[in-house]
Amino acid sequence: MVGCVLVRAGRIVGEGYHQRFGGPHAEIHALRQAGSRARGATAYVTLEPCCHYGKTPPCTEALIAAGVARVVAAIRDPFGPVAGKGLARLRRAGIEVRAGVCEAEARRLAAAYLTLQLRGRPWVILKWAQSLDGRIATRTGDSRWISGDCSRRVAHRLRGVVDAVVVGVGTVLADDPLLTCREGRPRRIAARIVLDPRLRTPRDCRLTATARAVPLMIVTMSGRTRGRAARMLARTGAELLEIPCHSGGLELAALLTELGRRRMSNILVEGGGRTLGSFLDAGLADEAVVFVTRRLIGGRDAPAALAGTGPARMRDVPMPVWTELRRCGADDLYRLGLTDPAKLRT
């Protein structure tokens, strides 16, 4: 998400990006690559350089010490200890500073970080696979496999770049999923989160069997963590989290606030239709990733991709902020922006 390119006399002399949490920032990697060639260079950065001591020393001081002449930043960092102070520090040191170049592109790139900083909750990605007529399974509930091999590989890689994967308990009961990334090297180990108001998660499913190896959180309604079922699930290593419940189900906003408190920046909601629809109904969906096979399933009892309540009138159905479409094997892959990153401002 955060990158830095150093340019001197029209040539790139250093490049870097923030590779892992707690590791050197993008500017440090670029400066190390450039060495003495950084003197007099322009640093192009997606995010305002930090100016405080956190897990690493301030990047502003490294840029100043290296003799960088100019810094072009796409967006200011909304994080309190930085928030304009980094650019101000560079100006005081005599470095020319320009901000806002390619800001829209950078805001989309940094949408998860900005959502966490400005809204206190993670960026929410809905993901599902469907037939051309919008079904996610046949009338008997069979869904293996709607999408092809390419789509499933991409879906696994998505799990490897988020902080949590969320499903409803109905999906656990129907599919007994593992919800781990089994494609390539995941950059993050996503926690598995089950929305289970009445604690129906089986004690012998694959999620509970792996709960001590990969974090598992079972989210239930208030008052449900004191019974025998809760004790049995807790013994598997699963964490039980109570949140308020209303007539339509669990209070998803309260869940997202708690995940934000735990510094989760993005989550992937995988289903089923009721769970996906509930995030959409609550206005808490920021992005949708949809794999569409060109087959028609049909059947009035075949489940739709999105359940829930839905809007009453077409004029209340918003258009995506942005849309990407590409082929994925025999399938079509849609990415739809449901939240405008440009509106994520202080």
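Helices and strands in this tour are DSSP runs, numbered from the N terminus, and the model they are drawn from is a predicted one.

**Stop one: two cis peptide bonds.** Select glycine 272, which sits in the loop between strand 13 (266-271) and helix 11 (273-281), and look at the bond that leads into this residue from glycine 271, which is cis with omega near 5°. Then move to tryptophan 145, in the loop between strand 6 (123-130) and helix 6 (149-159), where the peptide bond from arginine 144 is likewise cis, here with omega near -10°. Such bonds deserve a careful look in the viewer because most peptide bonds are trans.

**Stop two: two positive phi angles.** Most residues other than glycine have a negative phi. Select alanine 9, in the loop between strand 1 (3-8) and strand 2 (11-17), and you will find a positive phi of about 55°. Is alanine 9 buried or exposed? Its relative accessibility is 79%, so alanine 9 counts as exposed, the cut-off for that class being over 50%. Go next to arginine 263, in the loop between helix 10 (252-261) and strand 13, which has a positive phi of about 65° and, with a relative accessible area of 49%, is partly exposed.

**Stop three: the sheet.** Return to strand 1 and display the open sheet of 5 strands around it, whose order is 2-1-3-4-5 and whose pairing is mixed. Strand 2 and strand 5 (96-99) form the edges, and because each has a single partner strand, one side of each has no neighbour in the sheet. From one strand to the next, the twist averages 15°. Within this sheet, strand 1 pairs with strand 3 (residues 42-47) in the antiparallel sense over 4 bridges, and if you select leucine 6 you will see alanine 43 of strand 3 standing opposite.

**Stop four: helix 1 and its neighbours.** Now select helix 1 (residues 26-34), which lies across strand 1, strand 2 and strand 3 and runs at about 140° to strand 2. Add helix 2 (residues 59-66), whose axis comes within 9 Å of that of helix 1 and crosses it at roughly 20°; angles under 35 degrees count as roughly parallel, and the two helices are therefore roughly parallel to each other. The crossing is left-handed. To see the contact itself, show Glu27, Ile28 and Leu31 of helix 1 together with Cys59, Ala62, Leu63 and Ala66 of helix 2, a set that divides into 6 nonpolar residues, no polar ones and 1 charged.

Conventions: Residues are numbered from 1 along each chain as its sequence is written. This is a predicted model: local features need pLDDT of at least 70, side-chain atom pairs count only at pLDDT 80 or more; totals for chains, interfaces and linings use all residues. Side-chain values use heavy atoms; hydrogens and water are left out. Buried means under 20% relative accessible area, exposed over 50%, partly exposed in between (1.4 Å probe, protein chains only). Axes are lines fitted to C-alpha atoms, for helices over the stretch in contact, and angles run from 0 to 180 degrees between N-to-C directions. Angles under 35 degrees count as roughly parallel, over 145 as roughly antiparallel, 65 to 115 as roughly perpendicular and the rest as oblique. A crossing is left-handed if the near helix is turned anticlockwise from the far one by less than a right angle, and right-handed if clockwise. Contact means heavy atoms within 4.5 Å. Ala, Val, Leu, Ile, Met, Phe, Trp, Tyr, Cys and Pro count as nonpolar, Asp, Glu, Lys and Arg as charged, and the others, Gly among them, as polar. Two strands pair if DSSP finds at least two bridges between them.
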